[in-house]
Amino acid sequence: MTELTIEQHRILLDCAQTQGTPTYVYFEETIVRQINKLKKHLSGLPLQLLYAMKANHSVPVMQTMLREGLGIDAVSPAELVYALKIGFPVDRVLFSANNMTDGEMHYATERGVMLNVGELSRLEAFGQAYPGSDVCVRLNGQVGAGHHEHVITAGDKSKFGIPVEQVGDVHAIARKYDLTIVGLHQHIGSGIMDTKTLWQAISVILDASSSFENLRFINVGGGLGIAYRPDEQDLDMSSFDRLIVEPLKAFIDGHPSEGLAIWFEPGRFFTAQCGVLLAHVNTVKEGTTRTFAGTDSGMNHLVRPAMYGAYHHVLNLSNPEGPLNTYDVVGNICESSDFFAKDREVAQLREGDIIGVLDAGAYGMSMTTTYNMRSKPAEVWIDLAGEQRLVRPRRTVEEMVAQEMRQA
Ligand code: LLP
């Protein structure tokens with residue numbers, strides 16, 4: 001769990017006052033810290049970091065990634081175009097759309113962006129359309145991991161990637177259409193704290209790589225977890241060094257082809273801790289067995305608790321020293337899965353208080369909806385100098401209604 005500094009606490013209360021709620025606030029310094037942390041641990045490897053923009057595509061977040069030399073993992077045409085508009089060079093964007101259509105394939109290829117293909121039939125279609133091209137292939141090495149069943153993206157139950165057992169078919173299609181497999185990719189899941197399993201998965205694809213002669217990169221995916229609970233430890237970077245970085249270095253040193261690079265493509269590790277969702281406590285209600293603190297935000301703005309039972313720490317920013325009471329901190333959406341925290345001790349919440357839902361910078365805003373016809377939150381950027389900037393306003397009721405009626 002992120003510990004806020006006194007200054008960050010002050011800035012958050014200030015944002016709530018100047019921009020209102022619900023509002024996502026992102027601290028640039030946290031993103032830069034996380035990027036530097038990973039770069040430091042991976043130094044010595046021929047490395048390209050990509051950012052999985054599905055975690056958070058707010059413009060200044062993307063600009064920070066660009067400035068820091070990262071590339072982009074894009075999974076839809078809109079993500080792809082957005083990344084190019086931000087200024088990412090085409091050779092630093094990888095297009096990994098799931099169940100890719102012909103249209104999507106042409107869209108990326110015509111823009112010079114490399115495809116990451118996760119189905120044999122798509123590889124065949126790509127070969128037919130673009131014989132003699134370079135391509136990356138996503139493998140499923142049958143080792144998956146993640147913080148919840150829903151976010152495991154390898155293994156026999158997973159729809160992602162070409163089973164590693166079918167590598168022979170990959171070669172056959174490549175030969176047929178003179179395709180060069182220049183990259184191998186895997187992504188085994190999200191919120192992984194267990195570096196041993198991550199290495200197990202990586203070693204499967206490293207083994208598989210021996211039959212590919214023209215590889216320029218092996219992309220081992222994202223998935224690095226962060227601590228959300230106060231009693232949880234951050235990802236153990238010394239075991240990351242020992243179990244992953246050192247063996248990767250040994251692999252590269254022993255590899256016959258010069259210029260083979262290792263790519264990582266995290267989302268959460270870079271952005272989760274930078275974001276706080278600010279909400280206003282509208283109602284405090286005593287039920288028969290519990291006290292409900294009802295806010296002006298909810299599962300439409302941060303779906304992770306409802307979707308995965310995910311823990312996000314809730315702070316009462318207005319009354320941090322208040323006596324601890326136990327609450328269900330809930331949203332204003334008409335669903336009983338609409339909660340931020342259940343049975344949670346929080347410093348006494350009063351109507352009018354501002355809460356901060358912590359570690360909400362990844363898969364927060366990017367998974368929002370306008371369910372119940374409520375606007376998405378505003379977004380505020382706090383730059384390295386501590387200056388705040390509204391980067392996305394909330395929609396007014398009138399704008400929401402006009403937008404929906406235009407679509408009718
Ligand atoms: N690469 C690919 C191909 C991915 O599909 C993903 C995430 C990533 C990289 C980045 O994974 P990360 O480093 O962020 O774990 N909504 C879920 C997480 C879903 C992740 C989907 N794919 C959550 O809130 O926990």
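Here are three short exercises, with worked solutions, on a predicted model of a protein chain with a ligand.

**Exercise 1. Into which domains is the protein chain divided, and how far apart are their centres?**

Solution. Start with the division of the chain: domain 1 covers 28–268 and domain 2 covers 272–406. Next, take the centres over C-alpha atoms; those of domain 1 and domain 2 are separated by 32 Å. Then look at where the domains meet: 28 residues of domain 1 are in contact with 22 residues of domain 2.

**Exercise 2. Where does the ligand sit, and how many residues surround it?**

Solution. Begin with the site: the ligand is found in the largest pocket. Now turn to the shell, where 19 residues surround the ligand. The closest are His-147, Ser-190, Arg-304, Tyr-308 and Tyr-363. Sort the shell by residue type, and you get six nonpolar, seven polar and six charged residues. Finally, trace the shell back to the domains: domain 1 and domain 2 each supply at least three of its residues.

**Exercise 3. Which atoms of the ligand lie 2.7 Å from His-147, 2.4 Å from Ser-190 and 2.8 Å from Glu-265?**

Solution. Take the side chains one by one. For His-147, a polar side-chain atom is 2.7 Å from an oxygen atom of the ligand. For Ser-190, an N or O atom of the side chain lies 2.4 Å from a ligand oxygen atom. For Glu-265, the partner is a nitrogen atom of the ligand, 2.8 Å from a polar side-chain atom. As a last step, consider the cover: on its own the ligand has 590 Å² of accessible area, and the protein covers 92% of that.

Conventions: Residues are numbered from 1 along each chain as its sequence is written. This is a predicted model: local features need pLDDT of at least 70, side-chain atom pairs count only at pLDDT 80 or more; totals for chains, interfaces and linings use all residues. Side-chain values use heavy atoms; hydrogens and water are left out. A residue is near a molecule or strand if one of its heavy atoms lies within 4 Å of it. A polar contact is a pair of N or O atoms within 3.5 Å; within protein, one must be able to donate a hydrogen and the other to accept it, and residues adjacent in sequence count only if both atoms are side-chain atoms. Accessible areas come from the Shrake-Rupley method with a 1.4 Å probe; for residues, only the protein chains shown count as cover. On a 1 Å grid over the protein atoms alone, a cavity is a set of points where a 1.4 Å probe fits but cannot get out, and a pocket is an open set with protein on both sides within 12 Å along at least five of seven lines; lining residues have an atom within 4 Å of a point. A molecule sits in a cavity or pocket if more than half of its atoms lie within 2 Å of its grid points. Ala, Val, Leu, Ile, Met, Phe, Trp, Tyr, Cys and Pro count as nonpolar, Asp, Glu, Lys and Arg as charged, and the others, Gly among them, as polar. Domain bounds come from an automatic or database domain assignment. Contact means heavy atoms within 4.5 Å.
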